[in-house]
Amino acid sequence: MPVPHPERRKRARLLGAVVAALGLVLFPVVKYGNVCPDTGKPMAFGRPLAGHPRAAFRTASTLADGTRIGVTTLHGKKSGFTGKVWAWAPPEYYQERYRDSAFPVLIALPGGRGCPANYWNRPRLGLQRAVTDLAALGRSKPFVLVMPQLNPDPRHYYDGSDIPGRPKIGTWLSDDVPDLVRATFRTFTSRDGWALMGSSSGGFVGLKVALQHPDRFRAVLASGPDLRPDSPLWRGHEKERRANDPERLAAHLSARAGAPPVHLQFQIGTEERGRADLERFIRRYAKGPVTAALHVIQGGGHNAKGYVRGMREASLEAIGKVLRGPAPEGRPERTYTAGPPAGARPGDRDPGRRHRP
């Protein structure tokens with residue numbers, strides 16, 4: 001699957017404008033997000049956060065190993081934005097020996113339009129399988145994957161930010177989506193169990209959000225990322241645009257004494273442009289609390305298939321080394337945030353933590 005680079009993003013914007021002008025409604029989108037009804041059978045990932053309603057996930061697809069990708073419509077309380085979120089839990093999440101364990105979370109962001117879908121929810125791309133295989137080999141962690149909608153509409157790029165007068169996509173990604181995850185899964189309370197991942201424009205957003213919120217995220221895996229906010233929606237808001245520039249954010253964080261450490265794991269293919277820019281970024285800002293590394297994918301292009309190959313080769317293992325993993329029985333892990341479902345009685349056992357959804 002091709003993932004647009006900046007040049008292609010401009011052509012995509014132009015095409016989107018033409019489509020809108022012709023009145024061709026490709027997707028049912030409203031002002032504050034895509035609110036298409038969810039389809040598929042109801043499913044649950046386990047115990048929700050105490051005091052919160054169980055998120056209404058439905059099955060979007062089923063993998064060969066029996067695990068499922070679920071989808072829900074999230075009405076963001078802090079951002080006011082409504083959009084889709086897909087999620088998947090690895091096989092270990094349902095095993096009895098991990099019944100009381102927290103799991104690390106990887107929020108995966110797409111390139112391209114990022115609306116109405118997130119292409120990382122497509123099993124054929126192999127992201128879920130890569131997580132499963134590397135965890136089984138002991139080379140990485142069994143991440144819970146969370147795949148939110150990235151843009152409110154298919155015509156514009158919002159740079160994962162709170163652009164004045166626009167839907168607050170920055171708050172949606174940094175606050176509302178993690179809140180949903182904590183209310184749905186057994187997650188770590190500390191930042192050491194949270195990371196972001198993205199490709200192209202999604203890599204830019206993941207990088208930016210991690211640098212803006214080092215108190216919430218320990219690492220980011222950015223594949224072929226853009227490095228500057230370039231949405232035309234920033235016009236007239238230069239101050240806010242600069243506040244969402246990864247270079248400025250990295251410079252500030254790297255100079256902060258005592259700031260929480262953040263690891264930036266970059267990937268790029270030999271068949272795409274941008275390697276020199278990433279190497280320059282690392283030379284300038286990988287200091288103090290900021291560490292960074294670049295994995296070069298031989299023969300890789302600007303596409304999801306090549307990026308998943310790079311994740312298998314080195315990058316998932318690299319971010320797995322800086323994140324906490326689940327603890328099996330015998331090493332009780334009590335730092336998860338999930339609680340019993342509403343109406344549960346003492347001694348009730350939650351089948352969602354023992355069986356696949």
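These legends go with four close-up views of a predicted model.

**View 1. Helix H4 packed against helix H6.** Here H4, residues 201–212, meets H6, residues 246–254, with the two axes 9 Å apart and an angle of about 30° between them. An angle under 35 degrees counts as roughly parallel, so that is the label for H4 and H6. The crossing of H4 past H6 is left-handed. On the H4 side, look for Phe204, Leu207, Lys208, Leu211 and Gln212; H6 brings Pro246, Leu249, Ala250 and Leu253 to the contact. Sorted by class, that contact comes out as seven nonpolar residues, one polar and one charged.

**View 2. Helix H2 alongside helix H8.** H2 covers residues 127–136 and H8 covers residues 304–320. Their axes come within 10 Å and cross at roughly 30°, which makes H2 roughly parallel to H8. This time the handedness to look for is right-handed, as H2 passes H8. H2 puts Leu127, Arg129, Ala130, Val131, Asp133 and Leu134 into the contact, while Val308, Met311, Arg312 and Leu316 come from H8. The tally for H2 with H8 is seven nonpolar and three charged residues, with no polar ones.

**View 3. Strands E3, E4 and E5 and the hairpins they make.** Start with E3 (residues 58–62) and E4 (residues 68–75), an antiparallel pair joined by four bridges. Thr59 sits opposite Gly70 of E4. E3 and E4 make a hairpin with five residues between them, and Gly66, in the turn, has a positive phi of about 95°. Now move on to E5 (residues 82–88), which pairs with E4, also in the antiparallel sense, over seven bridges. One spot to zoom in on is Val71, whose bridge partner in E5 is Trp86. E4 and E5 form a hairpin too, with six residues between the strands. If you're checking backbone torsions there, Gly80 takes a positive phi near 80°.

**View 4. Ala257 in its loop.** You'll find Ala257 in the loop between H6 and strand E10, the latter spanning 262–269. Ala257 has a relative accessibility of 81% and therefore counts as exposed, given that the cut-off for that label is over 50%. Keep Gly288 in the frame as well: Ala257 and Gly288 are 31 residues apart along the chain, and 7.4 Å separates their C-alpha atoms.

Key. Residues numbered from 1 in each chain as written. Predicted model: local features only at pLDDT ≥ 70, side-chain atom pairs only at ≥ 80, totals over all residues. Heavy atoms only, no water. Axes fitted to C-alpha atoms, helices over the stretch in contact; angles between N-to-C directions. Helix = DSSP H or I, 4+ residues; strand = E, 2+ residues; numbered from the N terminus. Parallel < 35°, antiparallel > 145°, perpendicular 65-115°, else oblique. Left-handed = near helix turned anticlockwise from the far one by under 90°. Contact = heavy atoms within 4.5 Å. Nonpolar A, V, L, I, M, F, W, Y, C, P; charged D, E, K, R; others polar. Buried < 20%, exposed > 50% of the residue type's maximum accessible area, 1.4 Å probe, protein only. Pairing = 2+ DSSP bridges.
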